[in-house]
Amino acid sequence: MNPSAVIFKNEDTVLSFENGKATLLYKGETYTFGCHPYEPMVIIYKEDAPVAYIHNAFDVNAECQAFMTNPEHLVDTVTHHYHNAEHFCRLFTVAIDRGHDWQIDELEKEMFEQVCWENHEVFYKTDDIEFGRYGDEPEDETDPSEWDEEPDTDFLEHSEYEILYVIIDGVKYVLRGDWMSTLSLIITGEKGKKAIKARIHQFNGIPEAYPGCWRSGVLFSLVGGGIKYNTEIFCQILAYAVRTGKKDYNLREIEKAIGLRVA
């Protein structure tokens, strides 16, 4: 392979562009690309058979030509995310690994989650439980017009955009709170499919809004009044919900079951 034709390379991936054609070598397999111009839609081929589709995306060959002209090129998608060569290539590898038919926004979200996971932070860990947060989204993956001139220090301590996770007995779950006072533990299956393992109702407050408190391990209340939790107690609640095996719980039910004092 001509080294000058390489757009991105790591230990198991090479994206190259020669003679107007992009080629992806990934985990020992060779993939090529097609494009339906109407959306445009990317088609990823393996041995001339389509293995993944990315809707409302881009023309891979045109973007690769831009990278050859300027290695600092950023691919601007319809979602207004900007992808450098590494994350542009990673969109394809995630599509191959995680599913067959994607909308670009869904694929970007899946890719960002994987990138952030690689820089995750652990708040609490025992032999059978690990609790923490995904790392921050890389700056070059966001619209430059959205960058702040000054870092927002409040964001680090009170953010609703954190991604919290818990690993219980070897299985990883993503936590999702909502304004309807329900906390969901979501397990990710094969091909990008996600399923709710358990829901905890009457969970006032959004857990992902308090990374600083979980990090410190201090007792605090998610909302004014009520029982105060620290990181260890919170993990006990999550572990009970997973291990008991029900789909839906009332938070008061779990608090009583693990021996917390309920007013």
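This short presentation describes a sheet, the helices that pack on it, and several side-chain contacts in one structure. Please keep in mind throughout that the model is predicted.

I begin with the sheet. Seven strands form an open sheet, in the order E1-E2-E3-E4-E5-E6-E9, and the pairing within the sheet is mixed. Its edge strands are E1 and E9, the latter covering residues 101-103, and each of them pairs on one side only. On average, neighbouring strands in this sheet are turned by 20° against each other, with direction ignored.

Let us follow the sheet from the E1 end. Strand E1, residues 6-9, pairs with E2 in the antiparallel sense, over three bridges. The connection between E1 and E2 is a hairpin of three residues, and in the paired region Val6 stands opposite Ser16 of E2.

E2 also pairs with strand E3, residues 21-26; this pairing is antiparallel as well and runs over six bridges. Within it, Leu15 faces Leu24 of E3 as its opposite residue. A hairpin again makes the link, here with two residues between E2 and E3, and Asn19 in the turn has a positive phi of about 55°.

Why is strand E2 described as largely enclosed by the rest of the structure? Five of the six residues in E2, which spans 13-18, are buried, and therefore the strand counts as largely enclosed.

At the other end of the sheet, the sense of pairing is parallel: three bridges join E6, residues 49-55, to E9. Tyr53 stands opposite Asp101 of E9 in this pairing.

I turn now to the helices. Helix H3, residues 104-117, packs on the sheet, where it touches E6 and E9, and its direction makes about 95° with that of E9. H3 contains 14 residues and reaches 20 Å from first C-alpha to last, close to the 20 Å expected at 1.5 Å a residue. Which residues of H3 are buried? They are Ile104, Leu107, Glu108, Glu110, Met111, Phe112, Glu113, Val115 and Cys116. These buried residues pack against several elements, including E6, E9, H2 and strand E13, residues 171-177.

Helix H2, residues 85-98, lies across E1, E2, E3, E4, E5, E6 and E9, and runs at about 60° to E3.

Next come the aromatic residues. A search of the whole structure finds 17 aromatic pairs. In one of them, the ring centres of Tyr210 and Phe220 are 5.5 Å apart and the planes meet at 45°, so this pair is classed as tilted. The pair links distant parts of the chain: Tyr210 belongs to the loop between strand E15 and helix H5, Phe220 to the loop between H5 and H6, and the two are ten residues apart. Both Tyr210 and Phe220 are buried. They also belong to one aromatic cluster, whose members are Phe123, Phe131, Phe203, Tyr210, Trp214, Phe220, Tyr229 and Phe234.

A further ring contact involves a charged residue: Lys172 lies over the face of Trp117, at 3.7 Å from the ring centre.

I close with a residue of helix H6. Is Gln236 buried or partly exposed? Gln236 is partly exposed, because its relative accessible area is 32%. Gln236 lies in H6, which covers residues 231-244. Its C-alpha atom is separated by 9.4 Å from that of Glu255, and these two residues are 19 apart along the chain.

Methods:
Residues numbered from 1 in each chain as written. Predicted model: local features only at pLDDT ≥ 70, side-chain atom pairs only at ≥ 80, totals over all residues. Heavy atoms only, no water. Helix = DSSP H or I, 4+ residues; strand = E, 2+ residues; numbered from the N terminus. Buried < 20%, exposed > 50% of the residue type's maximum accessible area, 1.4 Å probe, protein only. Pairing = 2+ DSSP bridges. Phe/Tyr/Trp six-rings, centres within 6.5 Å; stacked < 30°, edge-to-face > 60°. Lys NZ or Arg CZ within 6 Å of the ring centre and 35° of its normal. Axes fitted to C-alpha atoms, helices over the stretch in contact; angles between N-to-C directions. Contact = heavy atoms within 4.5 Å. Expected span 1.5 Å × (residues − 1).
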